[in-house]
Every structure is written in structure tokens, then in C-alpha cells.
Amino acid sequence: MGADQEPVAKKTWQELQAAKAAERNSRIPEEWKLKADQLPSEDVVDLRPIVNSCGILSPAELAITGEGYDASSLAAAIAAGKFTAVEVATAFCKRAAVGQHVCNMLTEIMFADAIKRAEELDGIFKSTGKTVGPLHGVPMTFKECFHFKGYDSTNGYISRVFQPSDRTSPIAEVLQAAGAVIISKTNVPQTMLVAEAHNNVFGQTKNPVNSRLSCGGSSGGEGSSQAFRCSALGVGTDVGGSVRIPAACNGVYSYKPTFGIIPMIGYSYSGWTGSNTGIPAVTGPLGHSVRDLSLFTNVVRAAKPWTFDPAVIPNIMELEPASRRPVVGVIHASGLTPHPPVRRAIRDAAARLAAAGFEVRDFTPPDFVGIRQVSEQLFTLDGLSYPKRECARSGEPPVPSVLKIGFWDMPAKTQEEAWAWNTKKGIIQKKMLDEWQRVGCDVVLAPVGPHTAPRPGEWTSDHYTVVWNVCDYPAVILPFTHADPALDPADTNFKPLHAADQKNQDLYDPELFKGAPVALQIVGPRLGDKQLLKDAKLLDSVLNGTA
């Protein structure tokens with residue numbers, strides 16, 4: 001697949017970077033590119049309105065790609081003959097082209113292939129009167145770490161450019177068979193272990209909602225893509241918060257499943273194949289509604305992925321969930337004190353649920369700082385020997401966000417040390433389970449992080465997300481509110497729990513964070529994914545007034 005090939009001979013990493021940028025740019029039609037005088041100035045905060053004023057999309061295309069449709073309603077409109085697959089694919093490709101110019105979220109651009117596939121789908125629909133599946137004509141984007149035949153899977157490493165994959169990842173094939181039209185892959189961080197989307201191959205991705213703040217990561221390009229509505233539905237991966245943090249930063253929905261629900265087999269590794277940290281990565285969607293998260297999951301499970309991925313558990317998602325009003329446990333803070341907008345969101349959400357008749361109970365988890373200390377050791381069992389090897393092969397340096405998160409200089413562990421850290425992980429899992437039983441809750445409402453999207457490269461504390469990877473519990477992200485200086489002034493009475501708590505509070509700037517999305521994390525018990533998705537839809541209807 002190219003990961004073990006030598007970099008293109010006798011070229012510097014800068015030359016390879018430039019060549020890759022030229023290739024990417026060549027895949028965007030000239031008429032879909034912004035002119036120099038259309039590019040927003042550096043002081044423009046919200047980058048999304050430019051798609052409405054640039055003139056590249058027609059009014060009809062703006063409507064197709066706009067907030068009037070999620071993936072579910074768009075699929076229904078295509079199936080009803082309201083739009084052709086080509087109309088929809090062209091509209092989203094054009095919108096993605098604009099998004100790329102202002103946010104730099106796309107990696108392997110597939111516009112030409114996407115429109116060709118849409119033509120095939122239209123031909124099938126015209127001749128049979130039927131769709132090929134529930135995603136017929138729905139444009140999708142994928143995180144960089146999935147293979148598509150004929151396109152690179154660099155994962156942000158210069159050493160892997162111009163080495164196209166010889167096959168497509170199985171989950172992508174499943175979604176394509178259901179009618180999905182793949183228009184691009186999206187940006188990631190170098191090493192894949194950073195809550196950012198910055199590497200030497202593709203550069204830094206911007207947050208379209210607030211360009212001064214981080215897009216999150218590691219599925220940061222996908223979060224940015226969904227916020228700009230470059231596609232109707234996106235696919236990412238999550239080992240420490242990587243679909244949830246970008247969703248929170250960019251104000252979209254996402255779902256991190258329990259391991260064994262969605263197939264991971266055949267994706268493009270960013271570390272040693274066969275390595276086992278004890279915290280497995282999972283595949284999950286990012287989109288515009290809870291029902292879209294369920295649509296993705298139902299399509300994948302309908303393909304019986306346990307027949308081609310031995311890690312997938314059969315039958316568990318095929319059980320019928322209960323119709324209920326879930327008991328909600330609430331985590332207000334653990335380890336790091338959240339910033340004022342996050343505290344307000346949790347407080348207001350809990351109050352709104354209680355007012356609607358939900359039973360709300362306090363939930364006191366094991367200390368998140370201690371859990372993060374375990375996860376960072378397990379993530380660096382190899383001392384990051386794989387990314388260091390890849391960087392050495394091309395001569396590229398680590399980008400600043402990779403150094404800032406603190407993993408780069410952590411030493412490798414012996415096998416005995418790895419066992420000891422995994423033993424600590426097991427103790428954490430038991431304590432979390434015991435608290436769940438003590439509280440008697442069905443779901444937990446918690447922050448996504450100790451802050452909203454911070455400045456680029458400054459989301460270095462994944463305490464509120466990695467805990468659910470360590471415990472292997474599923475989680476759904478619901479956008480809820482926005483930071484507001486009038487409602488969220490700096491806490492003048494703040495008393496830090498420790499130095500890291502003070503450092504976290506020091507990041508808060510009410511004016512800088514103004515308008516930043518504030519999300520909620522809804523967590524369910526391990527393997528309770530089907531019920532969680534149903535509960536999350538109900539909670540979303542109460543909290544956000546969704547249908």
C-alpha cells in the first residue's frame with residue numbers, strides 16, 4: 001500500500017510537499033476556484049458565508065448543500081426524484097472546493113470520480129426506477145486514514161506521498177455499495193495523536209465557524225468539512241476523542257462507537273500494524289443530525305461486517321432498543337475545571353432535562369487526570385518509533401502541535417511496563433462500572449473538553465474524551481450552544497485544583513472564544529450503542545428542539 005516504500009527518490013521533503021500541493025490543486029476545476037480578491041482577510045472570523053457570496057454555487061446548489069437537508073432528508077429527496085445524483089454531487093463538490101480554498105480541509109480530492117459515479121447512479125435510477133441503497137447519491141467525505149484505490153493514503157507523512165493505494169478500505173466499499181458518492185478525503189494531524197489537523201503534507205486546517213480557533217482532531221479536516229457542509233456525511237476514527245473533539249470544535253454531530261460495532265479492518269495505519277496498546281481505535285461518523293449517525297450505523301451493520309472483519313461483534317446492534325426516558329447521570333467536572341461556557345452548557349442542559357421530567361443524578365467518575373496519565377503511557381508504548389521513523393525517511397520535522405501535546409519525547413516501555421499500565425487501565429474500567437451501577441443511570445451527560453475550541457494547537461487535554469476510549473463506552477456529541485462573553489465572563493473567583501488546572505483556565509479569553517460552539521457529550525454503557533443512539537435522539541429533541 002506504499003507505507004514501507006522509500007520516499008520518491010532524491011527529492012527533499014519540501015519538494016515533495018510542493019508537488020503534492022500542486023497535484024491537489026490540479027484536481028479542482030479552475031471555474032470552482034476563488035479569485036484573489038474573493039479570499040477573506042485574516043480578520044474574518046466566520047468563514048462559512050463566503051460560499052453564499054462567491055457566485056460559484058447557484059441558488060439551487062446552495063439550497064441542496066445548505067442547512068435545509070441532512071443526509072437522511074437528502075437521500076429521501078434523491079430517491080423521490082427531486083434531485084439527480086449528479087446535481088447533488090456537483091453542488092457538494094463545488095461547495096467543497098470553496099471550503100478548501102478558505103479552510104484547507106481536503107486531502108485526496110476525488111471530484112471527477114464522484115461525478116462519474118453519480119452519473120452511473122442516475123443511469124441505474126432512470127432504468128430501474130430504484131435506488132441502489134439507502135445512501136443513493138449522498139456525498140460523503142472520509143478521514144485521510146482510509147484507503148481508496150488509486151489515491152494516496154499518506155496520513156500526513158511526506159514519506160508516503162505518490163504511493164497510491166491498490167485497494168479500497170472495506171467500510172468505504174460498504175458505503176459505496178449503498179450508494180454513497182465519495183468526493184474527498186480530509187485532513188489529519190501528523191502522528192494522528194494530536195487534537196488538531198496539521199501536517200507537512202497538507203498544512204493546517206481552519207475552523208470555519210471561528211477561524212481563530214482550532215478545528216480539533218485527529219478527524220479535524222472532517223469536522224471542518226462538516227461545518228462548511230462540504231459533504232452530507234463524514235467518516236472519521238477515534239482513539240482519544242478524534243471524532244468527538246472536531247465535532248465539538250466545529251458545531252456538528254458525531255458518534256464514537258464501542259469497539260467491535262463498526263469495522264476497522266483494512267484502514268490505513270498511522271502506527272505499527274499489529275500493535276496493541278489496550279485502547280483500540282474505532283470508526284465513527286460526523287454529520288448534521290443524530291438520525292444521520294444512525295443512518296450510517298444501520299447501513300454498515302446491514303452489510304454484516306462480522307463476515308469480513310473478525311473484530312466485529314454480530315447481533316448486538318440488531319436488538320431492538322427500549323422506548324424510555326433515560327435516567328441521566330451528570331459529570332460537571334473531573335480533573336480539569338471547564339471554562340465558563342462549558343460549565344454553563346452542562347448546567348443548562350441538566351436543568352432543561354430535569355424541567356422536562358427526566359431524572360438527573362450526579363455522577364462522580366474516577367479522576368480524569370489519573371486516567372489521562374494512563375492513556376498517554378499506553379499511546380506511547382513504542383516511544384512513537386513509527387512516526388519518528390516516517391519523519392526520518394523523508395527528513396521532515398515534527399510540526400509544532402505534535403511537540404506541544406507532549407507525546408514525542410515519552411520513552412518506549414518494556415513489555416512488563418506495558419502490562420502494568422494495562423493493569424491500571426483495568427482498575428479504572430472497574431471503578432467506572434461501579435460508579436455507573438451506584439448512580440443507576442442509563443446515560444451520562446458530560447463535557448467534551450475543559451474548554452471550547454481553543455487557539456490552534458492548544459487542545460492538549462483530552463481528559464474528557466479519552467476516558468471513554470479507556471473504558472470502551474460509546475458516546476454521541478450534540479451541538480448545544482455558543483460561547484457568549486455576556487453569559488460567560490472570566491471566573492474571577494476561580495481556585496485551581498493544581499498547576500494544570502490553572503494553565504487550562506489561562507487559555508480562556510471571552511472575546512476570542514465568542515461564538516465558539518459548545519457541545520454536550522452523551523455517553524452510554526459498553527455495547528449499549530443502539531440504545532444510546534435512540535436515547536441521544538430523544539435528548540437532542542428536548543435540548544435542541546429537533547424533530
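How do S1 and strand S3 pair, and over how many bridges? That was my opening puzzle today. I looked, and S1 and strand S3 (residues 181-186) run antiparallel to each other, paired over two bridges. Note to self: I'm working from a predicted model.

**Entry: the sheet**

I zoomed in on that pair and found leucine 106 standing opposite threonine 186 in S3. Then I traced the sheet, which is an open one of eleven strands with mixed pairing. I wrote down the order as S1-S3-S2-S6-S8-S7-S12-S13-S11-S9-S10. Its edge strands are S1 (106-109) and S10 (360-362), and each of them pairs on one side only. I also looked up the twist, and from one strand to the next it averages 30°.

**Entry: helices on the sheet**

Next I checked helix H15 (residues 415-439), which packs on the sheet and touches S10, strand S11 (443-446) and strand S13 (517-523). The direction of H15 makes about 135° with that of S10. Helix H16 (residues 463-470) packs on the sheet too, touching strand S6 (233-238), strand S7 (253-256) and S13. For H16 I noted an angle of about 20° with the direction of S13.

**Entry: the cores**

Which residues touch the most other members of the largest nonpolar core? I got Phe111, Met140, Phe142 and Leu175, out of 96 residues in that core. Helix H5 (residues 85-103) gives the largest share of this core, with eleven residues. Apart from it I found another core of 38 residues, including Ile331, Leu378, Ala446 and Tyr473. My textbook-style reminder: in soluble globular proteins, nonpolar side chains tend to be buried together.

I then listed what phenylalanine 111 touches, skipping residues up to four places away in sequence. The list is Arg27, Ile28, Pro29, Trp32, Cys93, Ala96, Ala97, Leu106 and Ile183.

**Entry: two single residues**

Is alanine 118 buried or exposed? Alanine 118 counts as buried because its relative accessibility is 0%. I placed it in helix H6 (residues 111-128). Not counting residues up to four places away in sequence, alanine 118 touches Ala85, Val86 and Ala89. I also checked valine 181: it sits 63 residues from alanine 118 along the chain, yet their C-alpha atoms are separated by 6.7 Å.

Last stop was threonine 452, in the loop between S11 and H16. Threonine 452 has a relative accessible area of 4%, so I put it down as buried. Leaving aside its neighbours within four places in sequence, I found threonine 452 in contact with Pro341, Val342, Trp459, Phe513, Ala516, Pro517 and Val518.

Conventions. Residues are numbered from 1 along each chain as its sequence is written. This is a predicted model: local features need pLDDT of at least 70, side-chain atom pairs count only at pLDDT 80 or more; totals for chains, interfaces and linings use all residues. Side-chain values use heavy atoms; hydrogens and water are left out. A nonpolar core is a set of buried Ala, Val, Leu, Ile, Met, Phe, Trp, Tyr and Cys residues joined through side-chain atoms within 4.5 Å. Buried means under 20% relative accessible area, exposed over 50%, partly exposed in between (1.4 Å probe, protein chains only). Helices (H or I, at least four residues) and strands (E, at least two) are DSSP runs, numbered from the N terminus. Contact means heavy atoms within 4.5 Å. Two strands pair if DSSP finds at least two bridges between them. Axes are lines fitted to C-alpha atoms, for helices over the stretch in contact, and angles run from 0 to 180 degrees between N-to-C directions.
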